[in-house]
Amino acid sequence: MSRVSFKLSRSTAVAAVLVALAASGCSTTSDGSGDSGGKAKSFTYWSMWTRNEPQAKVLQSAIKQFTADTGVKVDVQWQGRKVLDKVGPAMLSGDAPDLVDQGWDQLMPTLGTGGQLQDLSPVLKMSAGDGKTVQDVIPGKLLSILPPAKDTRTWLIPYETATVSLFYNGKNPLVTQAPKTFDDLLKICAKAKSAGKVCIGSDADQGWASQYWFDYLLNRNGGSVAEVAGDKSGAAFKEPKVLKAARQVESLVKAGYLGSSYDATKYPEQQNNWAAGKSVFFLMGSWLPSETKQFLAPGFQVRSVNFPATDDPGRTALDVVPFGFAVPKGAGHAAAAEQFIAYFLRKDQLTGVSSQAGNITPRGDIQAPAELADAAQQMQQNPARLADDNVDNDWRDKVLVPEFNKLWLGRAGADSFASGAAKANADYWKAKG
């Protein structure tokens, strides 16, 4: 699955609709009581997947079995990635779906912030089969790292989880041992350069992904993107831990570890080059193996490692991207939708997300696909965090990504990056009033 398709900026159209919803109050009156005590015989589900995608096929199979087992019919519409653009208008007209799914970073700004999502904490106590509840099978850290939505703490039930990991070929003789520290990474990159190989793959037009390097390095150095974003003066960009991260990035660029022409490439050229063995490492979400599967060189063994530590070996938090179910306010058959959520979290249903769709599930008792076994282990063994510390997408896209691109593409040094980002941040907040 392509994160490129998911990492969408906040929709101004949806935001306008939600303002209207908040003003009218028409979306906050239903608590699912239209189910008549959970006895509804049908509910509507608008999905982020398109009909022919593997995830949709897994869900469709579960829907068929759910109806056979419970008698509850599911009116599913395969809306695709921009499903949330349609939910707002539907809520305004009083025709909201009972169930939607998307990544947490799309659901929160479009529906969660404005209080347009129902509380799903009752689902945690529902059966997920084999004598276990939903709460038993979903790691608590996947729920606790999510920011609270307005009026509810539990607004998303994850059924699929991506990680952001450093991917490589396990058969590459240059990587005799996965890098545990940034110094380890530099040593491998030096060997790769001596061998005439690109060490780090990166497409120039994927700034949202390239800045994972800065996000991780700042975290490993004891800082956070949220801290620098929140300093409206911009001065935080010039603090030592931020400058250190920027200089670490600059060291990769200046040493030529990204190759000679990466700054002019467009997605998916460089990630396909990585799959063909033309670069050693690629920092990306765990959708990378499925996106590059047809380009993998013969004998390529997909492996990954958590982002290396810097000075503090204890700072090992892993970026995760939970995808899951949410119930909009105004849903007329919320209880039936909640029943399906719990049903899909059963092992016999959720296994298809791994075995057929090739992705990681939240359940530790479901084996991940071979190419994501490392990533799944990283998720189990390390603390979880949200990429960019849950900063607003608008801030990230208007301040961090443009300024980081200058550093990453060799058009600015670390000090220039810090000065430019500080000014951009101050200007951003000044414009916000």
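Reader: Let's start with Asp388: is it buried or exposed?
Author: This is a predicted model, so take the numbers in that spirit. Asp388 has a relative accessible area of 2%, and the cut-off for buried is under 20%. So Asp388 counts as buried.

Reader: And where does Asp388 sit along the chain?
Author: Its backbone stands out a little, since phi of Asp388 is positive, near 60°, though the residue isn't a glycine. As for its place, Asp388 comes after strand 9 (384-386) and ahead of helix 18 (393-408). That puts Asp388 in the loop between strand 9 and helix 18.

Reader: Asp151 has a positive phi too; what is the value?
Author: Asp151 sits in the loop between helix 7 (140-144) and strand 4. With a relative accessible area of 61%, Asp151 is exposed. Asp151 isn't a glycine either, and its phi is about 80°.

Reader: Which peptide bond is cis?
Author: Look at the loop between helix 12 (240-254) and helix 13 (269-275), where you'll find Pro268. Omega there is about 5°. The cis bond is the one joining Tyr267 and Pro268.

Reader: Zooming out, how many helices and strands does the chain have?
Author: Helices and strands are both present here. Strand 4, for instance, runs over residues 157-169, and helix 19 covers residues 414-432. The full tally is 19 helices and nine strands.

Reader: What radius of gyration does the chain have, and does it agree or disagree with a compact globule?
Author: The C-alpha atoms fill a box of roughly 70 × 55 × 35 Å along the principal axes. For 433 residues, a compact globule would come out near 22 Å. The chain agrees with that, because its radius of gyration is 22 Å.

Reader: What share of the 433 residues count as buried?
Author: Start from the outside: the chain exposes about 17100 Å², and carbon and sulfur atoms supply 50% of that area. Then apply the cut-off for buried, under 20% relative accessible area. Of the 433 residues, the buried share is 58%.

Reader: What part of the contacts comes from residues 24 or more positions apart?
Author: The pool here is contacts in the chain with a separation of 6 or more. Within that pool, pairs 24 or more positions apart account for 79%.

Reader: How far apart do the centres of the positive and negative side chains lie?
Author: There are 47 positive side chains and 43 negative ones. Take the centre of each set, and the two centres are separated by 3 Å.

Reader: Which cysteines form a disulfide?
Author: By the sulfur distance rule, the count is one disulfide. The two sulfur atoms are 2.1 Å apart, and the cut-off is within 2.5 Å. The partners are Cys189 and Cys199.

Reader: Is the disulfide of Cys189 and Cys199 left-handed or right-handed?
Author: Cys189 lies in helix 8 (residues 182-194) and Cys199 in strand 5 (residues 198-200), ten residues apart. Both Cys189 and Cys199 are buried. The torsion about their S-S bond is about -70°, so the disulfide is left-handed.

Reader: How many of the nine residues of helix 5 are buried?
Author: Helix 5 spans residues 104-112 and is mostly covered. Its buried residues include Trp104, Asp105 and Gln106, as well as Pro109 and Gly112. The count of buried residues in helix 5 is nine of nine.

Reader: What distance separates the C-alpha atoms of Phe323 and Trp104?
Author: Phe323 belongs to strand 8 (residues 318-326). It counts as buried because its relative accessibility is 0%. Phe323 and Trp104 are 219 residues apart along the chain, yet their C-alpha atoms are separated by 6.0 Å.

Reader: Which residues does Thr161 touch, leaving out those up to four places away in sequence?
Author: Thr161 lies in strand 4 and is buried, with a relative accessible area of 1%. Its contacts are Leu142, Ser286, Val320, Val321, Pro322, Ile360, Pro362 and Met379.

Reader: Last one: which residues does Asp415 touch, again not counting those up to four places away?
Author: Asp415 is in helix 19 and is partly exposed, at 45% relative accessible area. Its C-alpha is 9.8 Å from that of Glu250, 165 residues away along the chain. The residues that Asp415 touches are Leu243 and Arg247.

How values were computed
Residues are numbered from 1 along each chain as its sequence is written. Side-chain values use heavy atoms; hydrogens and water are left out. Helices (H or I, at least four residues) and strands (E, at least two) are DSSP runs, numbered from the N terminus. The radius of gyration is taken over C-alpha atoms; the globule rule is 2.2 Å times the number of residues to the power 0.38. Buried means under 20% relative accessible area, exposed over 50%, partly exposed in between (1.4 Å probe, protein chains only). Contact means heavy atoms within 4.5 Å. Accessible areas come from the Shrake-Rupley method with a 1.4 Å probe; for residues, only the protein chains shown count as cover. Lys and Arg count as positive and Asp and Glu as negative; His and the chain ends are not counted. The place of a charge is taken as NZ of Lys, CZ of Arg, CG of Asp or CD of Glu.
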